[in-house]
Every structure is written in C-alpha cells, then in structure tokens.
Amino acid sequence: MMSGTIANVRPPAAQLDGAKRRQVLRQYRRSQRRDSLRALALVAPLCVFLAVMFGWPLATMLTRAVSNDDFGAVLHRTSASLAEWDGTGTPSERVYADFAADLRQARDEQTMGQVTSALNFEWTGARSLLMRTVRQLSSEPENGWKEKLIETAPDWGNPDLWILIKRLAQPYTSRHFLAALDLEQAADGSIQGVGPEKAIYVTLFWRTLWVSAAVAGLCLVLGYPLATLLARLPLKTSNLLMMLVLLPFWTSLLVRTTSWMVLLQDNGVINSMLVWLGLVSDGNRLSLIFNVTGTLIAMTHVLLPFMILPLYSVMKSIPPSYVRAALSLGASPVTAFWQVYLPQTIPGVLAGTLMVFVLAVGYYITPALVGGQSGQLISNIIAYHMQQSLNWGLAGALGSLLLVGVLLVYWLFNRLTGGQGLRMG
Amino acid sequence: MAAVTFENVSKTYDGKVSVVDNLNLRVKEGEFLSMLGPSGSGKTTCLMMLAGFETATSGEIYLGERPISRVAPQRRNIGMVFQNYALFPHMTVAENLAFPLRVRNISKADIAPKVKRALEMVELAHLGDRLPAQLSGGQQQRVAVARALVFDPNLVLMDEPLGALDKQLREQMQYEIKRIHDRLGLTVVYVTHDQSEALTMSDTVAIFNFGKIQQLATPDEIYETPCNSFVAQFIGENNMFSGTICERGDGVCKVRLANGDQVHALTVTDAPVGATTLLSLRPERIRIDPPAADGWTITTGEVIEQIYVGDHLRVLVRVFGGHEFVVKVQNRSAGNGLTPGQKIRLGWRASDCRALDAAAGQAGAA
C-alpha cells in the first residue's frame, strides 16, 4: 500500500467527538499524574538531602556576605535616630544619648564584640575607642551625652565615624563584597581601591583562575592521547589501563599529595635524580614545591581522571569507521584526526575541561599542602576567614564571587556546546 | 584487463586460523562483483585488505598492474561505502561530499560543481545544507554512495551498505546502485550476506566460506549449477539427501539411497563409486503428476502438509522412506486438492538432481 493511502485512512481513527475526547483526555492526564507522582517520590529523598545539606548552608553563607544584622540589632536605638540625620555636621544630642544607651545595654548583655569587630575593620583604633567610651558610661553626663562623648574621644565629633556607623547599622551591606574585590567605601560614600599593602583578593582570584585554566590545559594535553589510546585498545587491555587511571583516584587525596612532597622537595627524588644526572648543580636545586609549580603539578595529577573519563566515554562512542572513511576518501592520518576525529571529541573535551576547571577553582587541600605562599588559591583564604579570622561575612562574599565565576564559566561552556548541555558519560 | 587481482592472499590474525586462505581472484574492469558468504567467511576481511585497513599476511593484491600492499589507504583512490555510512556528523551533506575533494587540494571553484553533480546523481540536490542526522536512512545511504563516487575513484567498495535499511527501501537502493554502476561503468566490489541482493545486482558472485571462494560465477550459474554442497545449501532453497554412488557414467551417475531406492543424478562431485554423495534438488523443479518422459525420475510420496505462501504453495512430501521434500507449486488456481496423507506421484528431470560432495560446508571442496 502506498504511504499516501495510509495517511488518508488514519485521521478518522484519531478523531474523537467532544465527549469521548474529553474523557480520553481526562484518563490520559490521570495516568500521567500517577507517573509524575511516582517520579517525584523517587527523587524526593535526594531533594530533601540536597536542600538541607547543600541549599540551606549555601543560602546562609550567601546572606552572611551581605547581611549586617548583628550591628544594627545591637545599636537599634542609634540606627533609628541616625536615620533622621542628614549626614552633615555632627548628629543631634538624641543620637548620642541613644548610642550611649545602646552601648550600655551591649556591655551588660556582653554583645559588644559584634559592634567592636565590625567597626574595627573599617575604623582604625575603633576597638580602643569603644573600650574607652564604655568605661565613661556609668555616670549620667551634666551637659548631655554629645559633649561627654566628644570629650572622651575626639573621634565622636568626626562626622565620618557617624556616617560609617549609619552605614554599618543598615541591615544589608556591600562592604564584604567590596573587601573581597580589594575595594572599600570611603567616608564620603565613594568606592575606592584599598591601599596596595591591603590588596590581596583580586590577585588571588586571578591566580586561582589562571592556575585552574593551566591545570585544565595540562590535564587535556596529558589526558587526550591517553583517552584516545584507551578508546582504541581492545576492551580487556583498556579495562586494565583504566584501572591504572582510577587507582590513584581511589587513594586518599592526602596520601597522594604527601607523596608529591616526597618527590618534589629540594632533597626529593626528582631533584636528587637531576643532580645525579648532572642536569642541575647541587646548589641550584629546582624549587618544585611550596610554590605555584607544586600546586600545578599536584593538582594536575589529582584531577587528571576527571579529564580522562568524559573524554574516554565520548571517544568510545565514535565508531572507528569515521577515521577509516576519512582515509578512504584520501585524507592523510593527520587530516583525518584534525578534521574528522577531533571535532567529534569536542563534547568530551569541553566536559572534561569544565569539570577539571570547576574542581580546580574550588580546590583547597592540595594548594594548602604543597602551594607554599605563592601557590595559595582563593579557597585557602576563604578557609582562613572561616576558621582563623572568623570573618564569615568576607568568607561568604569571596565564596559567592567564586560561585558566580563558576556559573559564568558554566554558562559560557553551555553556549559553546550549542546549548546541548554537558555529556558526562 | 583486471581492475583488481588477489594473488595467493592469506590473512591470519592469530597465526593459527586463516581468515582468508590462499585466495585468488580477478575482478574485471567495469565488473560488479559481490562477495557473499556467512559471517566469518572472510569476505569483509578481503574488502578491508583491498581498502588498506588490513594487511595481507602473505600474497599480493594488485590494483590494475600496481601492487598495493605497501600503499597507504588514502593513496589507493578507492571509494568506499561503509555499513553505517560513516557520514561525518559535524559536516553538512555538501561538506561531506566536498571532503575528499578538499583533501586532494582541488580548488573551491571546482569543488562546488562536482558536489552539485554528485548530489544530483543521487537525487538529493536540495538537501546539501542538512546535517546527516537530519536525513532518513535511505537519504544517508545515498549521500554515502555519492561521497564514495565524487572523487572519481578507480574502484568502489561497498561493505553491506544496505544492511540497515528496511526491505522496500533496500530493493529500491539495489536498483539505484545498479543503475549508477551501469551508467558510470564503475568497478564495484560489494560485500553482502543477503543472497537475493547479490544475485540481483552482480555480474559475478563470489561465494565465500572458511576463507576460500567456494564458487565464482554469474548469478544464474551460482543458482542453477552450484559446484558443491555448501553453495547449493547457501543459495536458495534445496532438498538435500544423501546416498552412495553405485555407478558412474558420462556426466551422470546412479545413487543408492538409504531405503534401497536408486536415483539418477548429474555428477558434479569427482568422488569414486562407493563414496557418499549429497544430492540436491530445487523445490521448484519437482513436479506433481509428472509426464512420463525419458530422463525423468519418478517416485511416489505422501503429502505431510501444505503451506499457503501466496504466489506459490509449499507442499511437504515424504519420499524415499523418510526424506521430507519441499515442493513448490505455483498458485495457478485456488486450491489444488491435496490433503495430508494423500499419496502422490512426484517427478523431476534427472539432470536437475545434482550429486555433490558429501559434507556440506567443508573447506577445500571446490
């Protein structure tokens, strides 16, 4: 039968009249609903887990980066009365009185620390200033709080300090983000760069980006030929080799990083070998570790499997007949590789590069152990602010910037892959 | 002049089993030669050696006068159509076709008309901008053929090119490939395991088994006069039954069957008197109620079953005390009155019954 005839026969069977169609539609929706409910039930545990263990902490850290709650809560009277101040000259007596009341309450409730630390980041000597001021709060002043406070410390007569307090008392602040970008808000509200002696984060961001890009590049250069080989070998051999790729993957990260220390240090295996071979004089041993070089070497090694696996899975799906076809059509092996094989591995290249890059951007343990001073990455400074300086707001801001950067890279890669998303396997 | 010559070519992968065993073959200029055989019979290996993707363990292959063992695949100028077409998925149809021209450093101005002509040849001129994935299986197949021809190769190889198509499309493509072959006067070596494809398309068919060519002949010779029991069984349908040669005459012999009956047969095997032989008889050569005539073998049988196929009926008949014969009867009128259990007379020309070698499928039988 001709296909045209079939097409002519079909529509009457598919067309249902009103009532019947509505019923069928209802049945169809009901059967669909059951399916989607079951699907939802299956992913629900994971969704709950992700929301509690990942989504919530992430949101908390992000809000910390902009939130200023503590300062404003402790100085709630002051911030209320400061709202009416226009920022010119010194504030009114009421502001000073409210400030004294807030400070007294903070001293009694032992919440001074929150005020002190926030103010101290921005105002040199704020800690001792506040200490001195709090001591004067016991007795009521004769001519009002304004005179007494300014008498105690001339800083209280400086409008800039009050502008700062007004700014800090707002529930949301941009100062963490500014600090994370080596910027600060001057007393007059304008944004300016911090002095060169305080500027460290932008340098670190750039270093993190180029180290991650370099690690991704190195992994690609090392991983591509290996993945090609794995994809071409018979399954038995490639499985064995794949085992060798995965073996370090299953070894503790600490163990692997530590073994790089053994290999790379000044008196390590590699330097001793080079000296023994006479390639390097004993006095000029290469410094391969506790600097950027060490970070690069160790991170490339650790992240290599993340490049090889997506590459391998993509290459495995390319039938050998493509390259054969190219050869039979007259292409040299080199041309066949560049014009036929390589373009088809691009999804794997992009997936592997993105994976390595994103992992490298957030890498923490390896640079901490082998990076020395010059090999530290942004995640190390985030950890420092989380654990040592306890400036969680700044840590949150740095982390948010990192997250935004990674999302940008992801978006860019998605554009490059033509919106098909990633092919991880 | 021979376009391709295989001279004592052998191929082994493990040093023990010969995939191709001392093969000799000449393909004439302009010939359409099919290599037909079961999987693992060495036909694809032969094609791959010809294309340059496998090297012969011993022997030599000539393209025209030129030995090609040491010529890299890309220098052989052989067009090839692959089983799954191997169209480059990241290039459009036109780019796929331009690829062999581009790597030959042909100027852009010359490429465009050649690509256009090749697309017109396979009636796809309007689809040049599509990607292969946007084409149907049949269209991809045509593009693959056009790509293998666009650079005017000396020889075109096809490795089961129609295997992935459904039956109707396959038959249409068989016709189209044959038409292109006739028009361009190409030399084609075509590998397939579909016998009807080989028989309908080829000038010559080479039947492969166990790395050897069992028979090399025109399609009708292959079907009418199979030279051994493997070919007889492999091509078409056959009633095979064995017996012992008890008399050899001039081209004919007398064979005694297991139940003591004796039949005349055309001697194909060179086995001596007393040896076992396999007799083959095509189902359509058996007549029910045959005319009494000279040179006919007549016997009686019992109808076991009748199967209605449409254009013909297959009648299963028990003869010679146990053998089940298939008899094809043309469906000339509705019903022929045969019922199971009925005794009927059967007959065939003695020359239609061929006495072949004893063991079907044995290597070295040719």
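## Helix 4 over the sheet

In this predicted model, helix 4 of chain B (residues 137-149) lies across strand 6 and strand 7 of chain B. Relative to strand 6 of chain B, helix 4 of chain B runs at about 170°.

The two strands beneath this topic also pair with each other: strand 6 and strand 7 (residues 155-159) of chain B run parallel and are joined by four bridges. Within this pairing, Ile78(B) has Leu155(B) in strand 7 of chain B as its bridge partner.

## The six-stranded sheet

Strands 6 and 7 belong to an open sheet of six strands in chain B, ordered 6-7-8-3-9-10. The pairing in this sheet is mixed. Strand 6 (78-81) and strand 10 (212-217) of chain B are the edge strands, each of which pairs on one side only. From one strand to the next, the twist averages 20°.

## Packing of helices 4 and 5

Helix 4 of chain B also packs against helix 5 of chain B (residues 167-184), at an angle of about 20° and with the axes 11 Å apart. Helix 4 of chain B is therefore roughly parallel to helix 5 of chain B, as angles under 35 degrees count as roughly parallel. The crossing of helix 4 of chain B and helix 5 of chain B is right-handed.

On the helix 4 side of chain B, the contact is made by Gly138(B), Gln141(B), Arg142(B), Val145(B) and Leu149(B). These meet residues of helix 5 of chain B that include Leu169(B), Met173(B), Ile177(B), Ile180(B) and Leu184(B), and also Gln172(B) and Glu176(B). The residues of this contact between helix 4 and helix 5 of chain B divide into seven nonpolar, three polar and two charged.

## Strands 1, 4 and 5

Elsewhere in chain B, strand 1 (residues 2-12) pairs with strand 4 (residues 58-63) in the antiparallel sense, over five bridges. Thr5(B) stands opposite Tyr62(B) in strand 4 of chain B.

Strand 4 of chain B is also joined to strand 5 of chain B (residues 66-67), by two bridges and in antiparallel fashion. Here Leu63(B) stands opposite Arg66(B) in strand 5 of chain B. Strands 4 and 5 of chain B form a hairpin with two residues between them, and Gly64(B) in the turn has a positive phi of about 65°.

## Contact between chains A and B

The contact involves 17 residues from chain A and 21 residues from chain B. About 1,700 Å² is buried between chain A and chain B, and carbon and sulfur atoms give 67% of this area. In chain A, the residues that lose the most area to chain B are Arg324(A), Ser328(A) and Leu329(A), which together account for 40% of what that side buries.

Note on methods. Residues numbered from 1 in each chain as written. Chains lettered and ligands numbered in written order. Predicted model: local features only at pLDDT ≥ 70, side-chain atom pairs only at ≥ 80, totals over all residues. Heavy atoms only, no water. Pairing = 2+ DSSP bridges. Axes fitted to C-alpha atoms, helices over the stretch in contact; angles between N-to-C directions. Contact = heavy atoms within 4.5 Å. Parallel < 35°, antiparallel > 145°, perpendicular 65-115°, else oblique. Left-handed = near helix turned anticlockwise from the far one by under 90°. Nonpolar A, V, L, I, M, F, W, Y, C, P; charged D, E, K, R; others polar. Buried area = accessible area lost by both parts, 1.4 Å probe.
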